[in-house]
Amino acid sequence: MFLAKALLEGADRGLGEALGGLLGGGGQRRGGNIGGIVGGIVNFISEAAAAQYSPEPPPPQQHFLNVEAHESEEVKRFRRQFMQLAGPNMEVGATDLMNILNKVIAKHKDDLKTSGFTLDTCRSIVSVMDSDTTGKLGFEEFKYLWKNINKWQCVYKQYDRNHSGSLGSSQLRAALQAAGFQLNEQLYQMIVRRYASEDGSMDFNNFISCLVRLDAMFRIFKSLDQDADGLIQVTIREWLQLTMYS
C-alpha cells in the first residue's frame with residue numbers, strides 16, 4: 001500500500017487524561033505539479049519555495065494488543081480508554097469520531113464558538129488518516145489524530161484573540177505558520193478558497209480539517225519520496241486511490 005502510515009509513538013500531552021475525561025462524562029513536499037502521464041505513471045516534482053513542513057517519523061507497526069516495554073503509563077492508559085471507545089473491533093468510524101470529537105468540543109464551546117464537526121468533515125478526516133483503507137481508524141491512527149487536534153486547537157485559540165469563533169486572513173496565515181506549515185502565496189490562496197468563508201475567515205471545523213489534510217499530504221509525499229530527491233512516481237491506479245479516497 002502506497003499510503004503513508006501516519007502513526008506516532010508518543011502522546012504530546014495529556015492524551016489519556018483527555019480521553020479519561022470524555023469517558024467520564026517533512027520531510028518536505030513543496031507544491032506538487034503534475035509533470036505528465038506517461039505509460040500510466042504520474043510524476044510529481046516538488047518546488048523549492050512552495051511549502052515546508054516536517055511531519056514526525058512513524059513508529060514501527062505493531063498489533064493493537066502488543067504493548068511495547070518502553071510504552072509510557074500515559075499511553076498504556078490511553079490504549080485502555082481507546083478500547084472502551086472503539087468496542088470489540090478496536091476501530092472508530094466517521095460517526096464514532098464525530099461523537100467523540102463533539103463531546104470534547106462541547107466542553108470548549110465558549111472558547112471555540114463552534115457547533116462541532118459534521119459527519120462529512122469526519123469522513124474526510126478518517127479518509128486521510130486511514131492508512132490501511134479499512135474505512136476506520138485504529139489505535140495508532142486515532143492517537144496521532146488526537147494528539148494533533150489537541151495541539152492545533154491550542155494554536156487556534158491562541159490566534160482567535162478576539163474570541164470571534166473564526167480566524168481572519170492575517171490571523172489565519174500566522175496560525176498556519178505556528179502549526180508548522182510554511183506555505184507560499186499560491187498554496188495559501190488555494191487553502192483559503194477551499195476551506196475559508198467568502199470573507200477569508202476560517203472557523204474551527206475547517207481549520208482542523210485543513211490541517212489534517214495538509215499533514216497527511218506531506219506525510220504521503222515524504223513516504224513516497226524514498227530517496228528524498230523531491231520526485232515521486234505513482235501509477236494511475238495509485239493516483240486515483242489517493243485522490244478519490246483522501
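The largest nonpolar core of this predicted model has 52 residues. Within this core, Leu97, Phe142 and Phe207 have the most contacts. Seven helices are worth finding in the structure here, since each supplies at least two residues of the core: H2 (73–86), H3 (94–106), H5 (119–129), H6 (139–159), H7 (169–178), H8 (185–195) and H9 (204–224). The most generous contributor is H6, which gives 10 residues. Such a gathering fits a broader pattern: in soluble globular proteins, nonpolar side chains tend to be buried together.

Leu97 offers a good place to look at the core in detail. Apart from its neighbours within four places in sequence, Leu97 is in contact with Cys122, Ile125, Val126, Leu137, Phe142 and Leu145. Along H3, the buried residues are Ala94, Leu97, Met98, Ile100, Leu101 and Ile105. The length of H3 can also be checked with simple arithmetic: at 1.5 Å a residue, its 13 residues should span 18 Å, and the end C-alpha atoms are indeed 18 Å apart, so the two values agree.

Charged side chains add another part to the picture, with 3 salt bridges found in the whole structure. In general, side chains of opposite charge can pair when their charged atoms come close. One salt bridge joins Glu140 and Lys143, at 3.4 Å from N to O. These two residues sit 3 places apart in helix H6, about one turn of the helix, and both are buried. Another salt bridge joins Asp215 and Arg219, at 3.8 Å from N to O. Because they are 4 residues apart in helix H9, about one helical turn separates them; Asp215 and Arg219 are both buried too. A handy rule helps here: an α-helix has 3.6 residues a turn, so residues three or four places apart point the same way.

Arg173 and Glu185 also form a salt bridge, with their closest N and O atoms 3.0 Å apart. Arg173 belongs to H7 and Glu185 to H8, so this pair ties together parts that are 12 residues apart in sequence. Arg173 is partly exposed, with 29% relative accessibility, and Glu185 is partly exposed at 42%.

Turning to the surface, Ile236, Leu240 and Met244 make a nonpolar patch of about 310 Å². Leu240 lies in helix H10 (residues 236–245) and is partly exposed, with a relative accessible area of 45%. Ser197, found in the loop between H8 and strand S6 (202–203), is partly exposed at 43% relative accessibility. The C-alpha atom of Ser197 is 9.7 Å from that of Gly168, although 29 residues separate the two along the chain.

Terms used:
Residues numbered from 1 in each chain as written. Predicted model: local features only at pLDDT ≥ 70, side-chain atom pairs only at ≥ 80, totals over all residues. Heavy atoms only, no water. Patch = residues over 30% accessible without salt bridge, like charges linked within 9 Å, V, L, I, M, F, W, Y side chains within 5 Å. Areas by Shrake-Rupley, 256 points an atom, 1.4 Å probe, with all protein chains shown as cover. Salt bridge = Lys/Arg side-chain N within 4 Å of Asp/Glu carboxyl O. Buried < 20%, exposed > 50% of the residue type's maximum accessible area, 1.4 Å probe, protein only. Core = buried A, V, L, I, M, F, W, Y, C linked by side-chain atoms within 4.5 Å. Contact = heavy atoms within 4.5 Å. Expected span 1.5 Å × (residues − 1).
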